[in-house]
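Let's take a walk through a protein together. Have a look at the sequence and the fold first, and then we'll go through some of the parts one by one.

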Amino acid sequence: MGHQDSKQKLSRKDYERELGLLQVELVQLQQWVVKTGAKVCILFEGRDGAGKGGAIRRITERVSPRVFRVVALPAPSDREKTQMFVQRYMPHLPAGGEVVIFDRSWYNRAGVERVMGFCSQEAVERFLRMAPSVEKAIVDSGVTLLKYWLEVDQQEQTRRLEGRIHDGRKTWKLTPMDLESYSRWYDYSRARDAMFTATDSAHAPWFVVDSNDKKRARLNIIRHLLDQIPYQPIKAPSITLPKRQKPGDYIEPLSSPQRISEPF
């Protein structure tokens, strides 16, 4: 799954224009989801630094967080560790009129937990056998399930992770777990390959995205997910701002709560 750098770099202007058009369509999708009671579930998986968070932000930045919900679960509690593995994810699945985006999902078991030894090989094999049936039940319940794997090559991952080290805005993204997983590139490759083999099903296929170029990856993901959902634009009613009321006897108070300083 190497990267072929055959495409010309996408300019910021072209990227912003295309992103704006796609985000308008995402708003149309949102209106359709709410009106029809559709249920959409989107999973994002991939190596550290593959660009999952950035792609999710571009999807959600112009839509309502009450419709597009992002789920990024922390490490399981002691109680959750004793549950059926997918159990803690189930309450977060979409109800009617919702789009739920998982920033990492139940596939943690097939990835980080397998590679880092947080579960037994038997538990991994049981998960891989079970996942297609669980996803079939999800799809049969009326959920549109989309699974994206963001693929980044070794050189680009290194560049991005080193960038986090030197950028005070991004140091929180780099955990001891990230550093450990960085050193296990081929263990993750084997885990990814086994996951694809076991869980790339007709009812819930995997979609692999070349994310070495972040801008193109974001546009390709949004266009693809829009193409996977048979939504129809909902005709919006014409809107006219009403007249403001007259002040009547209202008088601005002489004192007010403290205002912040304005350094800019």
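What covers the buried residues of helix 2? Keep in mind that you're looking at a predicted model. The cover includes helix 1, strand 1, strand 2, strand 3, strand 4 and helix 9. Helix 2 is mostly covered, with seven of its nine residues buried. Those buried residues are Lys52, Gly54, Ala55, Ile56, Arg58, Ile59 and Thr60.

Now slide over to helix 1, which runs through residues 12-36. You can check its length yourself: at 1.5 Å a residue, its 25 residues should span 36 Å, and the C-alpha atoms at its ends are 35 Å apart, so the two values agree. Plenty of this helix is tucked away too: Tyr15, Leu19, Leu22, Gln23, Glu25, Leu26, Leu29, Gln30, Trp32 and Val33 are buried. Strand 1, helix 2, strand 2, strand 3 and helix 9 are among the elements that cover them. After helix 1 comes Gly37, which has a positive phi, near 75 degrees.

Why look at buried residues at all? In soluble globular proteins, nonpolar side chains tend to be buried together. Here, the largest nonpolar core has 34 residues, and the members that touch the most others are Leu29, Ile42, Phe44, Ile59 and Leu225. Two or more residues each come from helix 1, strand 1 (39-46), helix 2 (52-60), strand 3 (98-103), strand 4 (143-151) and helix 9 (214-228). Helix 1 gives the most, with seven residues.

Pick out Phe44 and see who its neighbours are. Leaving aside residues up to four places away in sequence, Phe44 touches Lys52, Ala55, Ile56, Ile59, Ile101, Phe102, Asp103, Arg104, Tyr148, Leu150 and Ile221. One of those contacts, Phe102, belongs to a second, separate core of 27 residues, which also includes Cys119, Val134 and Ala204.

Phe102 takes us on to the rings. How many aromatic pairs does the structure hold? There are twelve. In one of them, Phe102 meets Trp106 edge-to-face, with 5.5 Å from centre to centre and 65 degrees between the planes. Both of these residues are buried.

Another pair is Phe196 with Trp206: the ring centres are 5.7 Å apart and the planes are at 55 degrees, so this pair is tilted. It links distant parts of the chain, as Phe196 is in helix 8 (residues 185-199) and Trp206 is in strand 5 (residues 206-210), ten residues apart. Are these two buried or exposed? Phe196 has 14% relative accessibility, so it counts as buried. Trp206 has 8%, so it counts as buried as well.

Step back and you can find these rings in one aromatic cluster, made up of Phe85, Tyr89, Phe102, Trp106, Tyr107, Phe127, Trp149, Phe196 and Trp206. Rings can have charged partners too: the charged end of Arg47 sits over the ring of Trp185, 3.5 Å from its centre.

Let's finish in a loop. Gly142 lies between helix 5 (121-140) and strand 4. With 44% relative accessibility, Gly142 counts as partly exposed. Its C-alpha atom is 9.9 Å from that of Ala95, a residue 47 places away along the chain.

How values were computed. Residues are numbered from 1 along each chain as its sequence is written. This is a predicted model: local features need pLDDT of at least 70, side-chain atom pairs count only at pLDDT 80 or more; totals for chains, interfaces and linings use all residues. Side-chain values use heavy atoms; hydrogens and water are left out. A nonpolar core is a set of buried Ala, Val, Leu, Ile, Met, Phe, Trp, Tyr and Cys residues joined through side-chain atoms within 4.5 Å. Buried means under 20% relative accessible area, exposed over 50%, partly exposed in between (1.4 Å probe, protein chains only). Helices (H or I, at least four residues) and strands (E, at least two) are DSSP runs, numbered from the N terminus. Contact means heavy atoms within 4.5 Å. Rings of Phe, Tyr and Trp (its six-membered ring) pair if their centres lie within 6.5 Å; planes under 30 degrees apart count as stacked, over 60 as edge-to-face and the rest as tilted. A charge sits over a ring if NZ of Lys or CZ of Arg is within 6 Å of the ring centre and within 35 degrees of the ring normal. The expected span of a helix is 1.5 Å times one less than its number of residues.
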